[in-house]
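Visitor: I have just started learning about protein structures. Could you walk me through one and explain the words as we go?

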Amino acid sequence: MQVCHLRIYKLGDGLISTTITEALERRIIDLLRARQTITEVACACNITHDTVRLVIDSVHIKMPALPSILLTDEIHAKSYRESDTGKQVCVFWACAYDGATGCLVDVIEGRGADDMDQWFKQFGLDERKHVAYFCSDMYDIYLNAAKKWWVASKGYH
């Protein structure tokens with residue numbers, strides 16, 4: 001038997017309210033830190049993608065400090081089929097990891113140039129100077145972000 005740790009309350013007039021327990025919230029966060037996709041987390045916890053998103057949106061995390069080795073990669077966030085065309089759409093988010101520890105630094109909702117710029121501009125020049133190595137795959141957006149945001153701090157190589 002699988003316990004979902006999701007409490008459901010019936011309010012007046014047939015309205016239903018759900019409350020996510022602390023145990024479920026911790027499990028979701030632990031699975032995300034272990035680089036599980038939202039779909040994998042939802043399946044493992046027997047909950048919906050929307051419940052996982054609620055936890056992600058509700059967790060207040062202090063501004064991450066940039067590690068000396070910054071890795072970027074993407075995770076598959078969700079897939080859906082467009083109702084009008086039937087086309088399969090995959091949504092990816094970018095992730096920032098500490099290259100020395102492998103720990104997740106932050107999840108960036110999206111992986112486009114605007115998403116990356118929005119995330120990187122929150123760090124000042126002094127913080128960016130702390131990054132000795134910026135590592136990514138050959139995705140153009142990541143390479144351009146490295147040129148744009150790290151050329152001013154250490155130079156791009």
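Guide: Happily! We will go through some labels in this predicted model and ask what lies behind each of them.

Visitor: Why is arginine 53 called buried?

Guide: Its relative accessibility is 16%, and buried means under 20%, so arginine 53 counts as buried. You will find arginine 53 in helix H3, residues 49–58.

Visitor: What makes the link between the side chains of arginine 53 and glutamate 109 a polar contact?

Guide: The two side chains are joined at 2.9 Å, and the cut-off asks for N or O atoms within 3.5 Å. Setting aside neighbours within four places in sequence, arginine 53 is in contact with Ile38, Trp93 and Glu109.

Visitor: How do you know that cysteine 43 is not in a disulfide with cysteine 45?

Guide: A disulfide needs sulfur atoms within 2.5 Å. The closest cysteine sulfur to that of cysteine 43 belongs to cysteine 45, 9.7 Å away, so the gap is too far for a bond. By this rule, the model has zero disulfides.

Visitor: Why is cysteine 43 called exposed, and cysteine 135 partly exposed?

Guide: Exposed means over 50%, and cysteine 43 has 59% relative accessibility, so it counts as exposed. Cysteine 135 has a relative accessible area of 31%, which lies between the 20% and 50% cut-offs, so cysteine 135 is partly exposed.

Visitor: What covers the buried residues of H6?

Guide: The cover includes strands S3, S4 and S6 together with helices H4 and H5. Among the buried residues of helix H6 are Ile141, Tyr142, Leu143 and Trp149.

Methods. Residues are numbered from 1 along each chain as its sequence is written. This is a predicted model: local features need pLDDT of at least 70, side-chain atom pairs count only at pLDDT 80 or more; totals for chains, interfaces and linings use all residues. Side-chain values use heavy atoms; hydrogens and water are left out. Helices (H or I, at least four residues) and strands (E, at least two) are DSSP runs, numbered from the N terminus. Buried means under 20% relative accessible area, exposed over 50%, partly exposed in between (1.4 Å probe, protein chains only). A polar contact is a pair of N or O atoms within 3.5 Å; within protein, one must be able to donate a hydrogen and the other to accept it, and residues adjacent in sequence count only if both atoms are side-chain atoms. Contact means heavy atoms within 4.5 Å.
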